Amino acid sequence: MSEKWVRVAAPATISNIGPGFDIFGMALTEPFDVIEGRKTDSGIVISEITGPGAETIPRDPKKNSVGIAAEAVLKKCGADFGLELKIKKGIRPCSGIGSSGASAAGGAFLAHILCGEKLSSNEVVMCGAMAEDVTSGGLHADNVAPCILGGFTMIRSYEPFEVIRIEPPKNLGVVVAMPDVMVSTKEARAVLPTEVKVKDLVFHAGNASCLAYGMEIGDIELIGRSVKDAVFEPARTHLVPHLKEAESVARSLGAKAAFLGGSGPCVISFFNKNESDGTSIASGIGKMYESKGMKCETWVTNWGAGCRRV
Ligand code: HSE
């Protein structure tokens, strides 16, 4: 069988976003992975991996996020064919902006197109989340969900699985700062506490509710006040050099919120596009890292639409 190639783009995503550990996520417009696939007679073969960090990514489809997610979709659809896949990474692995999540989402999204799009979006997201479970040390869909659905997403429940999408405010701008350090999600999940205090639970529920409400009504000040995390970021702060300094530089330059992206090391800032263009926040964080002798890539971006055919 020699079939036509289908190509999809799967964007970077921010997860956790303060109080929403494993629940909240938001798609970005860039960077993104590009995944190509075509039907074959049987089995899954990954014939090419290129881009930043490609040498660290397994080609074995049972250990590769794209391969695992694609296989889950083929199985769920009862497909009688296999796949050849090519992966072009645009998102550096171990960055905190959903590199494995984009591969998993892209693999699921692509396989779903090749299967004739028979599944619900919740089912496609869950196939991607199964890959995260294998590669990242725990089932979580807070990167895969926004990567597939776009906008801001909330996982109401994992069992049964249900995800809700909200359109974030148009004037919400995002600065991403990626210090030159790698943090694996597996490692960052291993340092988390296994229990939380009632006081912290109450704090998270209040902020999470108001953050979701702020997204819905487009209140960037309320979103900014609600990006708070009493449990997960504090447990991970030691994994990211100068995290707290980066956050306070961002806030001093007008960021409405500054926080650890996913499991790190990216530092994310939200700003109001009606007030600034975000460039001073990006350069302020970059200069702070430079003064500490560390490289840090920064860029200003927007929330985005999620996986798409290209
Ligand atoms: N919610 C996950 C975590 C995201 O923080 O471990 C990982 O990308």
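## A tour from helix H1 to Lys 256

Begin by selecting residues 65-77 of this predicted model, which form helix H1, a run of 13 residues that reaches 18 Å from its first C-alpha to its last, close to the 18 Å expected at 1.5 Å a residue. With H1 still selected, colour by accessibility: 10 of its 13 residues are buried, so the helix is largely enclosed by the rest of the structure. The buried residues are Ser 65, Val 66, Gly 67, Ile 68, Ala 69, Ala 70, Ala 72, Val 73, Leu 74 and Cys 77. To see what they pack against, add strand E2 (20-40), strand E3 (44-50) and strand E4 (82-88), together with helix H2 (99-114) and helix H3 (121-136).

Next, look at the two ends of H1. At the N-terminal end, show the side chain of Asn 64, which caps the helix by placing a side-chain oxygen 2.8 Å from the backbone nitrogen of Val 66. At the other end, pick Gly 78, just after H1, where the backbone takes a positive phi of about 65°.

Now turn to the largest pocket, which has a volume of about 610 Å³. Its lining comprises 39 residues, and the ones to select for its centre are Pro 93, Cys 94, Ser 100, Thr 135 and Ser 136, which lie closest to that point. H1 comes back into view here, since strand E1 (6-16), E2, H1, H2, H3 and helix H5 (185-190) each supply at least two residues of the lining. Of these elements, H2 gives the most, with 4 residues.

Select the cysteines next. A search of the whole structure finds 0 disulfides. Cys 307 is accordingly in no disulfide, and the nearest cysteine sulfur, which belongs to Cys 147, is 3.9 Å away, whereas the cut-off for a disulfide is a pair of cysteine sulfur atoms within 2.5 Å. In terms of exposure, Cys 307 counts as buried, at 8% relative accessibility, while Cys 210 is partly exposed, with a relative accessible area of 34%.

Finish at Lys 256, which is found in the loop between helix H9 (243-252) and strand E8 (257-260). Which side chain does Lys 256 join through a polar contact of 2.9 Å? Show Glu 275, whose side chain is the partner in that contact. Then display the wider surroundings of Lys 256: leaving aside residues up to four places away in sequence, Lys 256 touches Ile 220, Glu 221, Gly 224, Phe 270, Phe 271, Asn 272 and, once again, Glu 275.

Key: Residues are numbered from 1 along each chain as its sequence is written. This is a predicted model: local features need pLDDT of at least 70, side-chain atom pairs count only at pLDDT 80 or more; totals for chains, interfaces and linings use all residues. Side-chain values use heavy atoms; hydrogens and water are left out. The expected span of a helix is 1.5 Å times one less than its number of residues. Buried means under 20% relative accessible area, exposed over 50%, partly exposed in between (1.4 Å probe, protein chains only). Contact means heavy atoms within 4.5 Å. A polar contact is a pair of N or O atoms within 3.5 Å; within protein, one must be able to donate a hydrogen and the other to accept it, and residues adjacent in sequence count only if both atoms are side-chain atoms. On a 1 Å grid over the protein atoms alone, a cavity is a set of points where a 1.4 Å probe fits but cannot get out, and a pocket is an open set with protein on both sides within 12 Å along at least five of seven lines; lining residues have an atom within 4 Å of a point. Grid points are joined across faces, edges and corners, and a volume is the space filled by probe spheres set on the points.
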